[in-house]
Amino acid sequence: MSVNHGANLYDLSKKYGFSKDEFLDFSSNINPFGASKLAKEYVINNIDQVSIYPDPNYINLKKSISDYCNCLEKNIILGSGATELISSFVKTINPSNALLLSPAYSEYEKELSKIECNIDKYYSRKENDFKIDIIDINELINNVNKNNYQLIIICNPSNPTGFTFTCSEIEMLLKNTSAFVMVDETYIEFTDSNKFSSTKLVDTYDNLFVIRGTSKFFSTPGIRLGYGLISNKKVQESINSNLDLWNINILASLMGEIMFKDNDFINNTVNVMTEQRTLLINELRKLDDLKVFDSQGNFILCEITSKSLTAKEVREKLIPHKIIIRDCASFDGLDEYFFRVCILKPEENQLLLDSLRNILK
Ligand SMILES: Cc1ncc(COP(=O)(O)O)c(C=O)c1O
């Protein structure tokens with residue numbers, strides 16, 4: 001199966017002869033400090049539960065998510081990662097006409113194409129540093145109403161640009177259109193969630209669907225745990241009726257019961273990642289060849305403005321140093337000179353900077 005996301009460490013380790021753990025993976029946007037210790041210990045201490053079925057109602061897991069997001073338990077839908085929720089929401093709404101804010105994570109387009117939906121794109125532009133201001137939002141609202149889109153998809157923060165709408169900006173959109181708005185908040189916890197997250201709007205607006213995954217912030221892509229928040233009863237029922245019984249395995253369910261309550265993990269992650277993001281952006285900006293875009297996420301979009309090398313060439317030159325970056329040529333709206341790096345541990349970020357300095361000099 002060919003997928004166009006972060007690195008496939010299985011393929012790369014086979015091709016280059018390094019083990020998977022030797023790579024510094026700056027392409028997958030995963031919190032480098034690993035999962036919550038409390039949650040891991042809980043799983044280890046309860047490992048014998050693999051011999052029973054999970055609770056089909058996931059009561060403890062939903063309670064933990066509801067406390068974490070300050071939302072009603074009945075509005076939570078569980079999924080096997082954000083990926084399953086993107087797919088099931090698109091299938092449930094089954095729009096014939098959708099608007100995709102671009103450049104964007106490729107799974108949205110893939111899912112819309114499967115149902116043969118007409119896809120229009122609203123591009124944030126390089127000339128505006130990929131920012132979408134209040135004038136653009138008004139233009140976006142007019143565009144949605146004029147074209148009768150049934151679904152708008154927003155990645156917030158945007159993967160790959162790092163731009164993030166505030167909660168009030170998303171509310172403007174919800175107030176002024178009747179389209180369903182799907183907001184993928186996979187990276188929201190790396191931002192100031194109070195300002196940027198739309199979860200607090202879920203109980204008020206029944207055209208909003210917020211998707212969250214635990215792969216990135218909680219460093220758990222292996223357990224495949226995601227959740228969606230929606231107050232629209234009809235949509236809830238329809239998605240839930242199509243989900244398989246026990247779609248969340250017991251290890252994911254146990255981890256989820258604990259990690260959302262691990263405030264030390266949550267606060268430390270936000271503090272370190274915010275500090276490292278500022279540092280990495282500032283240091284990358286010292287490289288003459290690069291334009292470095294602002295980001296609220298745990299990743300940074302860069303453009304090789306000198307065009308001395310393409311992103312693909314930079315990526316290939318870094319691999320022998322066991323460093324992997326994301327060549328962004330495949331993102332519609334970007335070109336072969338864009339790449340994305342995520343924030344890893346301080347010493348690893350330093351290695352990336354040293355290697356880029358050597359390659360781009
Ligand atoms: C914006 C975005 N949404 C969803 C996903 C998939 O997340 P999950 O592992 O929760 O399925 C990714 C993975 O890279 C992503 O970047």
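## Ligand shell

A residue is near a molecule if its C-beta atom, placed from the backbone, lies within 6 Å of it. In this predicted model, 13 residues surround the ligand, and G81, A82, T83, G213 and S215 come nearest. By type, the shell around the ligand holds four nonpolar residues, eight polar residues and one charged residue. Helix 4, residues 81-93, supplies the largest share of this shell, with three residues.

## G213

One of the nearest residues to the ligand, G213, has its place in strand 7. G213 counts as buried because it has 26 C-beta neighbours inside 10 Å, and the cut-off for buried is 20 or more.

Leaving out residues up to four places away in sequence, G213 touches G81, A82, T186 and G226. Of these contacts, G81 and A82 are also among the residues that come nearest to the ligand. G213 and Y187 are 26 residues apart in sequence, and their C-alpha atoms are 8.3 Å apart in space.

## Strands 5, 6 and 7

Strand 6 covers residues 180-184, and five of its five residues are buried. Both faces of the strand are covered: F180, M182 and D184 lie on one side, V181 and V183 on the other.

Strand 6 pairs in the parallel sense with strand 5 (residues 151-155), over five bridges. Within this pairing, L151 has F180 of strand 6 as its bridge partner. Between the two strands the chain passes through helix 7, residues 167-176, and this β-α-β crossover is right-handed.

Strand 6 also pairs with strand 7 (residues 208-213), again in the parallel sense, over four bridges. Here D184 stands opposite I211 of strand 7. Strand 7 is also the strand that holds G213.

## The antiparallel sheet

Another group of four strands forms an open sheet in the order 9-10-13-12, with antiparallel pairing. Strand 9 (290-292) and strand 12 stand at the edges with a single partner strand each, so one side of each is left without a neighbour in the sheet.

Strand 9 and strand 10 pair in the antiparallel sense over three bridges. K291 has E303 of strand 10 as its bridge partner.

## E303

E303 lies in strand 10. How far is E303 buried or exposed? E303 is partly exposed, because 19 other C-beta atoms lie within 10 Å and a buried residue needs 20 or more.

Apart from its neighbours within four places in sequence, E303 is in contact with L290, K291, Y337 and F338. One of these, K291, is its bridge partner. K126 is 177 residues from E303 along the chain, with a separation of 9.8 Å between the C-alpha atoms.

## Helix 12

Which residues of helix 12 are buried? In this helix, residues 311-318, they are A311, V314, R315 and L318. These residues lie on the same side of helix 12, because they cover an arc of only 100° around the axis. An α-helix has 3.6 residues a turn, so residues three or four places apart point the same way.

The buried residues of helix 12 pack against several elements: strand 10 (299-304), strand 11 (323-324), strand 12 (326-327), strand 13 (338-342) and helix 13 (346-360). Among them, strands 10, 12 and 13 belong to the open sheet with the order 9-10-13-12.

Conventions:
Residues numbered from 1 in each chain as written. Predicted model: local features only at pLDDT ≥ 70, side-chain atom pairs only at ≥ 80, totals over all residues. Nonpolar A, V, L, I, M, F, W, Y, C, P; charged D, E, K, R; others polar. Buried ≥ 20, exposed ≤ 12 C-beta atoms within 10 Å, placed from the backbone. Pairing = 2+ DSSP bridges. Right-handed = clockwise from strand over helix to strand, strands pointing away. Arc of directions from axis to C-beta. Contact = placed C-beta atoms within 7 Å.
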